[in-house]
Amino acid sequence: MESVTKWLELWRDGDAEAMDRVAALVYQDLRRLAAYHLRSESDAGNLQATALVHEVYLKLPSLKSIDWKGKPHFISVVTKMMRRILVDHARARKAAKRDPAMLGEIPMIGEHKQVDTLAVDQALERMTEHHPRCAQVVELRFFGDMDFQEIAEILNLSLATVERDWRFSRAWLRKSMAGSHR
Amino acid sequence: MSEDRLRELFDQVSQLAREEREQFLISACGHESALMEELRELLAADAVATDEKFLQHSAIHIQAVEGQSGESAIGETVGNYRLVELIGQGGMGSVYRAVRIDAEFEMSVAVKLMSAVFLSADIIAHFRVERQILASLEHPNIARLLDGGTRADGLPYLIMEYVEGIAPGEYCRRHNLSIDQRLILFRQICSAVHYAHQNMVIHRDLKPANILITSDGTPKLLDFGIAKVLSRDPGRADAALTEPGMLKMTVRYSSPEQVRGEPVTTASDIYSLGVVLYELLTEHSPYGDTDRPLHQIMAAICDEEPLRPSSWVPRLKGDVDNIVLRALRKAPLERYASVDQFSEDILRCHDGRPVHARGHAPLYLAAKFVRRNRVIVAAAALLLCSMIGGLIEVTLARARAERRFNQVRQLAHSVLFDYADAIDRLPGSTPVRARLVKDALTYLDNLSKEADTPQLRREIVDAYVRVSNVQGNEYQNNLGDTAGAMSSAGKAASAAEELLKVDRTPPALASAADAFSTYGDLFYSSGNLSAAGPAYQRAIGLRQKIAAQSPQNIENSLALSSSLRHLGDLYGGVGLQNLGKTAESLAYYQNAKTIVAAASEQFPGNTEVAKERYETLLSLSSAEIGMGKHEEAARDLGDALTQVQKVSAAEPGDTNVKVELANAESRYGQMLLDDRDAGRAIQHLALAAGVLEKLGEADPGNAVYRRGQSIVEAQWAAALRGAGQTSAGVTHNELSLRLAVALSHDAPASAQYRTDVGIAERKLSEALLAAGDAAGALHQAEQAGLILCQSEQHPTDPYTLANCGRSLVSAGNAHLAMHDADRAVIAYRKAEEIASQRSQADPQNAIFRSDWARSQAALAGGLAALGDSRAARDLYQQALNNWSILRQAKSLTGQDAHRSDDSALALAKLAPKP
């Protein structure tokens with residue numbers, strides 16, 4: 001993490017390339033963390049999942065010493081990475097399901113349907129063109145596992161605005177995903 | 001169609017009640033039918049999304065839940081077991097009930113299959129090592145790890161005791177357990193955790209899901225240490241630094257340090273147990289609503305004081321509140337020192353005894369923690385220690401790689417100084433310090449190779465001094481490793497020489513002085529008396545230079561006084577090996593007394609000054625006794641005892657003060673004994689022995705306590721004998737000898753400890769003789785002579801020589817009691833030779849003169865038994881002359897006065913018949 005700190009400092013000092021280096025380093029870390037969290041116990045699933053993102057921040061203590069202006073940017077970068085990891089993971093799982101030789105018959109635990117991560121990802125891509133800020137809110141909420149208050153802070157919006165954005169986005173995405181994706 | 005307008009209208013219309021929406025759409029959209037259609041669809045989607053709880057869970061949650069579904073392995077074999085039933089989905093994969101393939105009866109085990117996804121090779125390798133440790137945990141309340149291995153596909157599995165049971169909360173509700181019954185259940189859980197801690201295993205993931213209560217009410221803990229197996233990733237250098245223990249931890253039961261990603265210790269388990277107990281008693285979480293968002297729960301764990309348990313269940317007000325909240329303190333050091341202590345407090349509460357947790361205001365300083373916690377479990381402390389060791393190791397490795405020298409230095413410094421200081425006065429801390437020393441030496445040796453600034457050189461000097469003191473400075477609590485201490489002190493002294501070449505500022509002079517005085521201490525305690533003096537003089541010279549520059553420097557005054565005192569010990573310290581120059585010794589002590597008296601006027605309330613003052617007074621009074629200055633001695637010793645008693649009352653947890661209290665009581669008792677006031681002497685000596693025994697029990701590895709107790713037991717024995725309780729006296733002499741032998745055995749390099757054994761044997765000899773066992777007395781006296789009289793080759797050590805003489809007198813007494821006057825006279829004659837040499841070399845030393853007189857009187861008695869009345873008369877007369885000199889110098893003790901009277905009587909009987 002030391003080298004991450006160094007790159008973050010460079011980045012703060014105006015070295016754009018540094019951000020890419022940070023991203024590469026953090027990405028490795030995120031993958032590792034995600035690996036742990038994705039095999040969490042079911043009763044703790046929610047907490048574990050949320051812990052992941054928090055842990056990323058905890059593991060970057062240098063963030064505290066970094067200029068606050070850079071922090072939202074950094075978090076949004078981390079969230080984008082999270083999104084990439086989760087989408088990859090969902091894709092891999094889907095592939096495994098199609099190949100019975102790999103994992104055999106997979107019994108689902110519980111009957112509740114789950115949203116298809118890949119479908120949300122694609123719908124979100126379309127939404128970015130029309131409602132970029134809303135797409136950001138969704139990204140932070142759905143892939144970054146942030147609550148509204150945190151999102152408001154990161155995007156420098158009022159809590160009410162974030163909640164309105166969310167309601168609109170949810171309707172927009174639900175409409176966009178109607179039919180085949182559920 | 002403008003997206004902005006769409007958005008604006010959606011926000012407005014979605015706020016309206018359903019029946020008002022249509023009207024709003026018509027008036028707002030007018031003829032824009034596409035916009036209106038879009039809005040209608042969005043409103044429909046909004047309604048569906050709400051119904052479906054669409055996007056209520058985040059992607060990672062969804063995938064985590066999906067991840068629960070693994071392949072079913074029912075029917076497969078793992079090791080010698082066949083999987084028969086899926087019983088759960090654990091953190092690592094699936095858990096199956098399984099039965100032995102080859103067994104005639106079906107005994108179930110639980111088999112954990114680790115999941116393939118994302119398991120790195122590092123983790124699998126580490127898993128194998130940890131498995132061995134976990135398999136060794138054998139406790140009725142811990143689900144046993146029976147076996148483990150690797151399946152054909154390379155994935156590890158664990159075979160564990162199969163436990164059928166329910167969660168504790170559920171069990172309590174179902175059986176409607178009372179508060180007391182719940183506490184009893186919880187104490188069983190504690191006993192399992194305590195056992196694991198003693199075996200160096202931290203659970204790290206204590207929570208109700210990991211505790212099952214079987215149908216007969218026995219709690220069983222699952223997954224001990226598994227969290228560590230999973231969270232350790234040895235491939236990463238900083239893994240140990242950050243301990244990603246919260247990875248698998250259910251946050252609700254995590255300690256603040258786990259939430260912050262800080263190192264996990266036994267105190268973290270204590271915290272989690274606290275949460276479990278809180279929930280068992282109140283059926284609520286200490287942090288309120290469990291549905292709070294995670295970041296709030298995390299923040300609450302770190303910052304929020306939990307509600308008192310009694311705010312849910314009023315009956316818990318008082319001790320239970322205090323006990324639970326003590327376990328839930330934010331700072332690990334403020335919690336119970338061990339699970340055992342936690343459990344003990346619950347028992348005390350149950351029995352209606354006062355609990356430890358009561359009435360302690362939050363104390364945030366480690367030093368205060370030390371004072372408050374009287375008992376620390378060595379195992380727990382060692383764990384803490386190994387954690388620090390790990391920190392040093394890892395940081396060193398990183399620092400070498402990154403050349404980040406200052407950070408290591410800082411870490412090393414704070415570990416060695418702050419931490420070692422904090423635990424120095426804690427009973428039972430010796431093993432911890434031993435471990436600290438080992439780690440500290442490793443990095444110091446590395447660090448000193450790269451020392452290139454005066455500042456760093458100074459730190460290295462300080463560090464070696466500290467290590468040496470912990471290893472074996474007899475003036476402080478130590479590990480009894482004299483040889484190791486000597487080596488460290490030597491390194492400190494050479495580093496100090498290097499330092500003085502480049503830096504002569506007061507801090508550098510002070511560090512160097514410390515190094516030299518420590519070196520002096522070590523020379524002294526290893527018997528190299530001639531080398532000790534120059535080292536002390538060097539330290540004193542440097543200290544005086546500092547004092548000339550800054551006379552107000554209180555630390556320097558104290559160090560100067562202390563060095564002068566040690567030099568006094570070296571020249572003529574009573575009860576210590578010394579150079580036999582009592583007059584010089586007295587002068588050094590008086591010099592020290594003057595300096596510390598000035599400091600005391602300057603800082604009247606300062607405890608450190610008070611301590612140095614009573615130590616000086618104690619040494620001075622002993623020297624005064626040696627010089628026969630009984631009035632001065634009685635005054636100084638009385639002053640010293642009063643001072644120690646005061647400091648001890650003010651700081652009841654300070655073990656060093658306790659040692660001094662024992663010391664002062666013992667010396668005061670000895671003074672009373674010398675004045676033949678055995679009754680009062682017994683009171684003081686029993687008190688001293690009691691204090692030392694308690695200290696020794698709390699910290700069995702501590703040499704100072706054992707040595708002190710050995711000496712005091714012998715004094716106590718003599719007092720008992722003086723009071724006519726002969727057989728009780730023998731018992732205490734025997735205990736004294738046992739303690740001395742054990743000490744010498746553990747530290748064979750120490751001449752002092754070896755001499756102690758000889759003295760204890762000699763005193764036992766006297767006791768046996770008084771009890772009528774002459775043969776036993778002879779044996780012990782000869783044993784004593786073997787040790788004490790070997791030192792004749794070292795003429796610089798008059799104290800051991802004097803003891804050699806005394807052991808010869810004891811042997812002679814035994815021979816005489818067995819009517820072997822010839823051998824008695826041979827022994828007495830040798831004793832008299834030694835004593836006369838000693839006394840003539842140091843004529844002002846009252847003790848040596850007293851020895852001489854006693855050996856002369858003894859020899860006279862032997863000669864009289866042989867029938868040589870003339871020679872006997874001469875010697876009695878010489879003895880009486882010596883006692884008379886002592887009387888004139890006001891140095892005659894009550895016992896000697898008594899002996900003198902006896903001799904006069906014997907002489908009268910031997911008077912030539914007219």
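Is Asn156(A) buried or exposed, and how many other C-beta atoms lie within 10 Å? Asn156(A) is exposed, with 7 of them; exposed means 12 or fewer other C-beta atoms within 10 Å, buried 20 or more and partly exposed in between, with C-beta atoms placed from the backbone. This is a predicted model, in which local features need pLDDT of at least 70 and side-chain atom pairs pLDDT 80 or more, while totals for chains, interfaces and linings use all residues. Residues are numbered from 1 along each chain as its sequence is written, and chains are lettered from A in the order in which they are written.

**View 1. Asn156(A) in the loop between H9 (148-155) and H10 (159-176) of chain A.** Its phi is positive, near 55°. Helices are DSSP runs (H or I, at least four residues), numbered from the N terminus.

**View 2. Asn176(B) in the loop between H6 (168-174) and H7 (179-198) of chain B.** Asn176(B) also has a positive phi, about 50°. Most residues other than glycine have a negative phi.

**View 3. H10(A) against H1(B), residues 3-14.** The axes, lines fitted to C-alpha atoms over the stretch in contact, with angles from 0 to 180 degrees between N-to-C directions, come within 10 Å and cross at roughly 100°. The pair is therefore roughly perpendicular (65 to 115 degrees). Arg164(A), Arg167(A) and Phe168(A) meet Arg7(B), Phe10(B), Asp11(B) and Ser14(B), contact being C-beta atoms within 7 Å.

Terms used
Helix = DSSP H or I, 4+ residues; strand = E, 2+ residues; numbered from the N terminus. Parallel < 35°, antiparallel > 145°, perpendicular 65-115°, else oblique. Contact = placed C-beta atoms within 7 Å.
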